[in-house]
Amino acid sequence: MSKIFSFGFWNTIARIILRNRVIILGLIIAFTVFLGFQWKNMRFSYTEANLLPDDHEVNQEYKKFLDKFGEEGNLLVIASNDKDLFTPKKINAWNNLTKQLDSFSQVEYSIGIHNLKKLQKFTNPNRFELVPLIKEEQINELQAKAYKEEIFEKLPFYEGLVYSKKTNTIQTAVYLNKDIVNSKERKVFVMEQLQPLLDEFEEVNDIDLHVSGMPYIRTLNSQNIVDEIQWFLGGALLVTSLIFFFFFRSVRATLISMFTVIIGVMWAFGILGLFHYEITVLTAIIPPLIIVIGIPNCIFLINKYQQEIKKHGNQAKSLQRVITKVGNATLMTNITTASGFATFIITESKLLKEFGVVASINILAIFILSLLIIPIIYSYLAPPKERHLKHLGKTWLEGFVSWIERTVKHRRITIYITSIIVLVISILGIYTIKVSGSLLEDMPKQAEFFKDIEFFEEEFNGIMPLEILIDTKRKEGVLKLSTLKRMRDLENLLADVPELSKPLSVVDLVKYSKQAYYNGNPKYYQLPTSQEKNFIFPYLKGMSDGNNNQLNAYVDSTGQYARMTVFMKDIGTEEMERIEDNLWPQINKLFPQERYDVTMTGKALVFQKGTTYLVQNLVLSLSLAILLIAIFMAWMFRSFKMILISLIPNLLPLLITAGMMGFLGIPIKPSTILVFSIAFGISVDDTIHFLAKYRQELKYHNWKIKKSVYPALRETTVSMFYTSIVLFFGFSVFMISSFGGTVALGGLVSATLLFAMLSNLLLLPSLLLSLEKSVSNKETFKEPHLDIIAEEEEEEEKRS
């Protein structure tokens, strides 16, 4: 009954599509226009990808820090180690540049030699005041020399903030307005105001500048992504269309397929806009994903149409049978693929949920578009000519099919041994795989801004902010000498870690106050003793600069919370975890938990923790996807034994890919994490097509295994080959990217597609033949719930 229903259902669908072509095309155009208007709501993310749920402990700690001290990723740094910088012409030009920066409304304030202030002691009343180091508008040669000596020799407070002694580098720290840091205005400021100003300065004054800081890096990196995404979408379509044309020898078949896929990509962007989702590190993968899923649909539909034309030459009958015969199989493959991505919806991560929603919707949307557009457009065109059908009987392709058949028939032991060897090697590779939570790893290494990152890592030990929040659990607890000494010891601990910079905290300000009390003598740059504290702290509490309390940067208004800022190099998750494991026992010893509450936070650390969370969710989601798809296929074919066997050739490519990542040193990270979902979805598609045809052949050949496997293998090999080769070259385009993550994604998916094709063509039929007595009989392979291929017509053709 289900068989007749399925056959009749698709016949009805075919009649509706072919009899209402104009209406359907009109609806597609109208919906495309509607989604096109939603593009205005589409926007790139101006924040780092937060991979953690909002209520996650790490996010809660970060929010607590922001509540106390505000946005911490607003620092932009400009530096130069020009050997002639402290000559009158260049130092005056440098100061004028930084004064120009201060004039921008987007700049909150800056700290550099142009406005550097030193702490000075005054009496009557007793107080410290910050007085300008440089008072002159224009500096002469003697003054420049004197200022250089004073900055580098007498102001240790500013080391790491304004200067580095390694190569006498001078740096200006520019703090952007916190309101623009995570908005489009940041991009406008950096690209249209800051960058032209700095370029002009370099050219006019012959001074090489190095610019960095998270706002600057994020802006330039986002712009690189925007510039590249259009090229790679176009490149993928171009290469895919060329390979598609090479196989089908038909311009119109190629154009129809590309048109279908382009509409699918337009819908993907439109749905992102409709839901008001941002384009993030994950949702940016959806457009090429639509190409991945759309092209196989087109291949199966067009290949079947041309096969039907070659058999009987009747166009109307051919179009009807394309929908009737391929509709179920294509629907099932798209549902299984969409199910794999839909499992991300159950995670607690907003980023993963949005990706799962948009990806699963668009996978089903591209199926609908393919099923509607291809038959309708072909119905208005003349039938393919003989030259367009020659590819169906290509000698070289027949040779490949014959090789597959001979290998399965005569070399099954070789296939098993090879599979086991590859599996063992892959498992060894998996043990070496690493997880990377680096914000910078995927960025283009040849870009100028990345070279600047390396410069700042060398001179200042990094630009990635790591924040330590210390809760003393009592008001005014921070300025107690016992707390300051603990913080000093913590600073010394952090300074001994090569990957971390010199910390900045209230401790430095208190040490500077003692130096100022002793008339600026740098040898007194240290914490005061208990006795000194009594007569130095009254000066410190009275210190002010205009209306801004200098303590506010490091201590909250209650005096209960202290902030310690460290900048770290671009290190991965495992290295950071090692650093944390070494530090925490010593931190807990310094700050007893009954008296203090110490937390580490900051954008970079949140991203690293998010990557670890993402990997854990990947394992959960992928496991759930495998389970759901296995149950779904078991329901379709009503054979659990068959599903267990069919999972083997689908899981093997995933293990091979993971092993490759380990051996090639490609870490698990947000940009490579979806390789497994894509690979599994596509390999399952091939399996469904093969099993559907195999079951049909079993019934026709009266459950004779060998007589069934080989015809099924011959018919499905061509479509699998076409699909895999087109997608291999389509994804290979991404390997020319300047982004490491894009290169890895393209290369890994391309390789995995080939492994999946060979696994389904060689290992799956070999297993069926070797285990024929237990898995391929009437009891095991019962009547299916869904008729994947219209068996009545197939059997009629075989008999005729």
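# A guided tour of the salt bridges, a hairpin and a kinked helix

Start by selecting helix 9, residues 286-312, and pick out E308 and K304, which both sit in this helix four residues apart, about one turn of the helix. What you have open is a predicted model. An α-helix has 3.6 residues a turn, so residues three or four places apart point the same way. Show the two side chains as sticks: E308 and K304 form a salt bridge, with 3.8 Å between the closest N and O atoms. Both E308 and K304 are buried. Now add R321 to the selection, as K304, E308 and R321 are linked in a network of salt bridges.

How many salt bridges does a search of the whole structure find? The count is 15, and two further examples are on our route.

For the next one, select E580 and K609. Their closest N and O atoms are 3.0 Å apart, and the pair forms a salt bridge. E580 belongs to helix 18 (residues 573-590) and K609 to helix 19 (residues 603-637), so this contact ties together parts that are 29 residues apart in sequence. Colour the two ends by accessibility: E580 is buried, with a relative accessible area of 9%, while K609 counts as partly exposed at 28%.

Stay with helix 18 and show its whole backbone. At 1.5 Å a residue, its 18 residues should span 26 Å, and the end C-alpha atoms are 25 Å apart, which agrees. Where does helix 18 have its kink of about 30°? Centre the view on L583, shortly before the proline P585. L583 is also one of the buried residues of helix 18, a group that includes T573, M576, I579, I587 and L590.

Next, jump to K83 and D84. This pair forms a salt bridge too, with the closest N and O atoms 3.4 Å apart. Turn on a surface here: K83 counts as exposed, at 71% relative accessibility, and D84 counts as partly exposed, at 31%.

Now for some strands. Select residues 117-122 (strand 4) and 127-132 (strand 5), which pair in the antiparallel sense over six bridges. Label L119 and you will find L130 of strand 5 standing opposite. Then move to the turn of this hairpin, where there are four residues between the strands and N124 takes a positive phi near 60°.

From K118, look across to E150 in helix 5 (residues 141-154). Leaving aside residues up to four places away in sequence, E150 touches K118, L133 and L155. Is E150 buried or exposed? At 19% relative accessibility, E150 counts as buried, because the cut-off for that class is under 20%.

The last two stops are for anyone who likes a Ramachandran plot. Most residues other than glycine have a negative phi. Select D206, which is not a glycine yet has a positive phi of about 55°. D206 sits in the loop between helix 6 (184-205) and strand 8 (210-212), and at 58% relative accessibility it counts as exposed.

Finish at N519, in the loop between helix 16 (506-517) and helix 17 (530-541). Here too the residue is not a glycine, and its phi is positive, at about 60°. With 69% relative accessibility, N519 counts as exposed.

Conventions. Residues numbered from 1 in each chain as written. Predicted model: local features only at pLDDT ≥ 70, side-chain atom pairs only at ≥ 80, totals over all residues. Heavy atoms only, no water. Salt bridge = Lys/Arg side-chain N within 4 Å of Asp/Glu carboxyl O. Buried < 20%, exposed > 50% of the residue type's maximum accessible area, 1.4 Å probe, protein only. Helix = DSSP H or I, 4+ residues; strand = E, 2+ residues; numbered from the N terminus. Pairing = 2+ DSSP bridges. Contact = heavy atoms within 4.5 Å. Expected span 1.5 Å × (residues − 1). Bend = angle between axes of the 7 residues up to and from the residue.
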